[in-house]
Each structure stands twice: as structure tokens, then as C-alpha cells.
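Open the model in your viewer and keep the sequence panel visible. The tour goes from one selection to the next, with a short note at each stop.

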Amino acid sequence: MAQTFTVDLKIGGYSIRGVSLNWGLFHGSEVRREAPSYGTDIDIPAVIEILDLIASGAVTAQEARDVLDAVATEINDKKDREFEEMEERMDAAMRVGPRIPKQPTLDSRWVYVVSSKDSPKAVKIGVATEVESRIKSLQRGSASPLVLRWSARGGFPLERHLHDRFGQRRISGEWFDFRRVADPVQVIAEAAEEFLRQFGEFDPVHE
């Protein structure tokens with residue numbers, strides 16, 4: 001189901017207000033399907049405004065690219081997660097007889113752990129197609145530099161498992177408090193590897 005988001009894009013010191021981003025519209029070409037931002041479209045007038053800023057030297061092309069890529073990727077990941085959860089609910093509603101737990105299907109997205117330099121034991125456990133782009137997006141809302149502590153492939157199933165496993169440590173959303181843990185990264189990595197071992201041939205690649 002297509003959905004439209006209206007956002008204000010902050011590029012450099014400039015703000016482009018009321019930009020429409022469309023997710024889930026039919027795409028005739030799949031030439032750029034592997035791009036993390038594939039699946040989200042932006043309105044042409046906003047593109048022209050961005051190009052004018054680049055042409056005038058007000059912002060760089062790289063600054064514009066980073067912002068657009070981060071916003072589109074965040075929308076795609078959010079909608080992918082919602083779609084997966086909807087499929088699970090539909091599957092549960094249609095199931096007849098005793099409920100048999102469904103084996104989760106891993107995907108190639110990265111599950112990552114980040115924290116600020118100032119508070120290394122308050123960590124965010126999230127999922128992204130491109131971790132670097134996601135951290136750049138998160139950094140814009142953080143006064144302290146963010147640091148990637150750990151990552152592994154496993155997608156939404158692994159992220160959900162870790163959120164459930166450490167639910168009592170949840171601060172808010174995807175942020176968790178590990179202040180009383182000597183090595184948060186080791187604890188999270190061990191929990192992830194325990195979960196991933198059930199998939200046998202799936203071999204997580206760590207950064």
C-alpha cells in the first residue's frame with residue numbers, strides 16, 4: 001500500500017520545507033533496485049530546489065546525497081518492518097488448529113549497536129540496510145559523536161530477538177541501559193550468536 005510522507009529536509013544550513021516522499025508506488029524499472037533508497041520517491045520541485053542549492057554552492061552534492069539517502073532508507077526500513085509484522089498477523093489469523101511457532105526468516109539487513117562517546121553503555125539496537133547511512137542520520141539528532149559498537153547480519157528477526165531479550169533494560173524505543181554490565185557489546189553479541197546458531201548455515205558477518 002502506497003504511503004506519502006511530508007518532511008522538512010535539513011541540508012547543510014538550509015531547510016527545504018514540506019517535501020513529499022512517496023513509498024510503495026509501482027516502479028517500472030528495477031535498474032536501481034539494489035540501492036538502499038529504492039522504493040521511495042521524492043517530488044520533482046523539491047529536487048529542483050536541492051539542485052539550485054548545489055548549483056549556487058550553498059550546499060555540496062555529497063551533503064544532499066547523504067540526507068536524501070538517509071531519509072529514504074529510514075522510510076524503507078520502517079515500512080519493511082511494518083509489512084513483515086502485518087504478514088505475521090495475517091498468517092496467525094488464518095492459522096487453524098494449535099498454533100505452531102513460525103521459524104523466522106533472516107534477511108541480509110544489518111543489526112547494529114551504537115552509542116554516544118559520552119555514554120557508551122546507553123546503546124541503540126537497530127536495523128538498517130546501510131549502517132553508515134543510518135548513523136549519519138542519527139548523528140544529526142545527537143550532540144555527542146555516535147560510535148558503531150557492533151553489527152551483524154540478521155535483519156528484523158534478530159533485532160526483535162535482541163529487543164525482547166533485553167526488554168527490561170529498555171530506556172525508550174530502541175535505546176537500552178547497560179550501565180551495570182561490564183561489557184555490553186559482548187553480552188549483546190553472545191545473545192545474537194545464540195539466536196543465529198539455530199539457523200545452521202547462516203553465518204553472520206561482523207564489522
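Which residue in strand 2 does Val7 stand opposite? Select Val7 and look across to strand 2: the residue there is Val19. Bear in mind throughout that this is a predicted model.

**The whole chain**

Show everything as a cartoon. The protein has 207 residues, and 37% of them count as buried. Its secondary structure consists of five helices and eight strands. Starting at the N terminus, the order of these elements is β-β-β-α-α-β-β-α-β-α-β-β-α. Now switch on the surface. The accessible area is about 12,600 Å², and carbon and sulfur atoms hold 52% of it. Contacts can also be sorted by distance along the sequence: among those in the protein with a separation of 6 or more, 62% join residues 24 or more positions apart.

**The hairpin**

Select residues 3-11, which are strand 1, and residues 14-23, which are strand 2. The two strands pair in the antiparallel sense, with eight bridges between them. Together they form a hairpin, and two residues lie between the strands. Pick Gly12 in the turn: its phi is positive, at about 60 degrees.

**The sheet and its helix**

Add residues 40-42, which are strand 3. What is the order of the strands in this open sheet? It is 1-2-3, and the pairing is antiparallel. Strand 1 and strand 3 are the edge strands, each pairing on one side only. From one strand to the next, the twist averages 35 degrees.

Return to the hairpin and select Phe5, which stands opposite Leu21 in strand 2. Next, select residues 44-56, which form helix 1. Helix 1 packs on the sheet and touches strand 1, strand 2 and strand 3. The direction of helix 1 makes about 145 degrees with that of strand 2.

When you show side chains here, keep a general rule in mind: along a regular strand, they alternate between the two faces of the sheet.

**A lysine in strand 5**

Move to residues 122-128, which are strand 5, and select Lys124 within them. Is Lys124 buried or exposed? Lys124 counts as buried because its relative accessibility is 7%, and the cut-off for buried is under 20%.

Show the side chain of Tyr112 as well. The side chains of Lys124 and Tyr112 make a polar contact at 2.7 Å. To see what else surrounds Lys124, leave aside its neighbours within four places in sequence; the residues in contact with Lys124 are then Tyr112, Val113, Val114, Leu138, Glu174 and Trp175.

Terms used:
Residues are numbered from 1 along each chain as its sequence is written. This is a predicted model: local features need pLDDT of at least 70, side-chain atom pairs count only at pLDDT 80 or more; totals for chains, interfaces and linings use all residues. Side-chain values use heavy atoms; hydrogens and water are left out. Helices (H or I, at least four residues) and strands (E, at least two) are DSSP runs, numbered from the N terminus. Buried means under 20% relative accessible area, exposed over 50%, partly exposed in between (1.4 Å probe, protein chains only). Contact means heavy atoms within 4.5 Å. Accessible areas come from the Shrake-Rupley method with a 1.4 Å probe; for residues, only the protein chains shown count as cover. Two strands pair if DSSP finds at least two bridges between them. Axes are lines fitted to C-alpha atoms, for helices over the stretch in contact, and angles run from 0 to 180 degrees between N-to-C directions. A polar contact is a pair of N or O atoms within 3.5 Å; within protein, one must be able to donate a hydrogen and the other to accept it, and residues adjacent in sequence count only if both atoms are side-chain atoms.
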